[in-house]
Structure formats: structure tokens, C-alpha cells
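Here are a few short exercises to work through with the structure in view. Try each task yourself before you read its solution.

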Amino acid sequence: MKKSRIIIALVIAVVIGVGVYWYIMHGGARNLASEDAAYTVNANDIVQEFSTNSERANKKYLEKAVVITGKVTEIHANQVIIDNSVVCLLQQPNSKIKLNQSIIMKGRVVGFDDFMGEIKLDQCLSI
């Protein structure tokens, strides 16, 4: 009797663990191409907001779709860096994006790295 309760508890714990893992890894994916942006902001301005008051900026931007404008300062495989401060993880590689070009990117704000002074976006696409 006691063993069966332990086994049931373990099975329930595993199911909950798998559910939490799946939600963390896949639950946040959205179709940003069809979603309206909550904010349109210049790369330097959003970084300034996070640098000045990260708690308020997190409440305002975190997990929201935003449009970021600025100049492409670095390009790596599936990553574009705007104004040396906004790191955009692209949904798909985009060979049309060139260094030093002005760009408008849409993505989901996933965090601010205060050590590096960088905003992190995922699911980015050039618009």
C-alpha cells in the first residue's frame, strides 16, 4: 500500500516536471509576424529605460512584442545586433540584412543583461 502511494507520487511528479519543462521550452512561442507590437522604440532609448529603472522597464516590455529601430552593428548566423545594445535572435537567417544599415526589427523582449548593457529579443524578424 505504501509502495503504491510512493510510485503514484513519483509518477505525478514526473508528469508535472515534464509539463513544466515543455512549457518553459515551448510554451512562450508566438506568431510575432501577425501580432501587433505593444511598443515601437529606438534601440538606444529602450536600453536607456532598462539602465535607468530595470524593474519598471521589465514590467513595461518583458514578454511583449516590440518594434526596435536602429543601425545594424553586428551580424552572426541567426543573430543581429542593433546599435551595439539590442541582440535579436532571428527566426530564420536573413541575407538581406547588411552591416551598418538602418533596420526595423520586430521581436519579443526576453530580458536585459545589465552586465553587458544589452536587451535580448527572440523570434525576431525584419519588417
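**Exercise 1.** Find which residues of helix α2 are buried, and work out why they line one face of the helix.

*Solution.* Step 1: α2 covers residues 43-52; helices (H or I, at least four residues) and strands (E, at least two) are DSSP runs, numbered from the N terminus. Step 2: A43, I46, V47 and F50 are buried, where buried means under 20% relative accessible area, exposed over 50%, and partly exposed in between (1.4 Å probe, protein chains only). Step 3: seen down the axis of α2, the buried residues fall within an arc of 100°, so they line one face of the helix; the arc is that of the directions from the helix axis to the C-beta atoms. Step 4: the general rule is that an α-helix has 3.6 residues a turn, so residues three or four places apart point the same way.

A word on the basis: this is a predicted model, in which local features need pLDDT of at least 70 and side-chain atom pairs count only at pLDDT 80 or more, while totals for chains, interfaces and linings use all residues. Residues are numbered from 1 along each chain as its sequence is written, and side-chain values use heavy atoms, with hydrogens and water left out.

**Exercise 2.** Describe the surroundings of D83, and find the nearest side chain of opposite charge.

*Solution.* Step 1: D83 sits in the loop between β3 (79-82) and β4 (86-90). Step 2: leaving aside neighbours within four places in sequence, D83 is in contact (heavy atoms within 4.5 Å) with residues including N42, A43, N44 and K71. Step 3: D83 is buried but has no salt bridge, which would need a side-chain nitrogen of Lys or Arg within 4 Å of a carboxyl oxygen of Asp or Glu. Step 4: the nearest side chain of opposite charge is K71, 6.4 Å away; Lys and Arg count as positive and Asp and Glu as negative, while His and the chain ends are not counted.

**Exercise 3.** In the loop between β3 and β4, decide whether S85 and N84 are buried or exposed.

*Solution.* Step 1: S85 belongs to this loop, and so does N84. Step 2: S85 has 6% relative accessibility and counts as buried. Step 3: not counting residues up to four places away in sequence, S85 touches A43, N44 and V47, among others. Step 4: N84, at 52% relative accessibility, counts as exposed. Step 5: N84 also has a positive phi of about 55°, although N84 is not a glycine.
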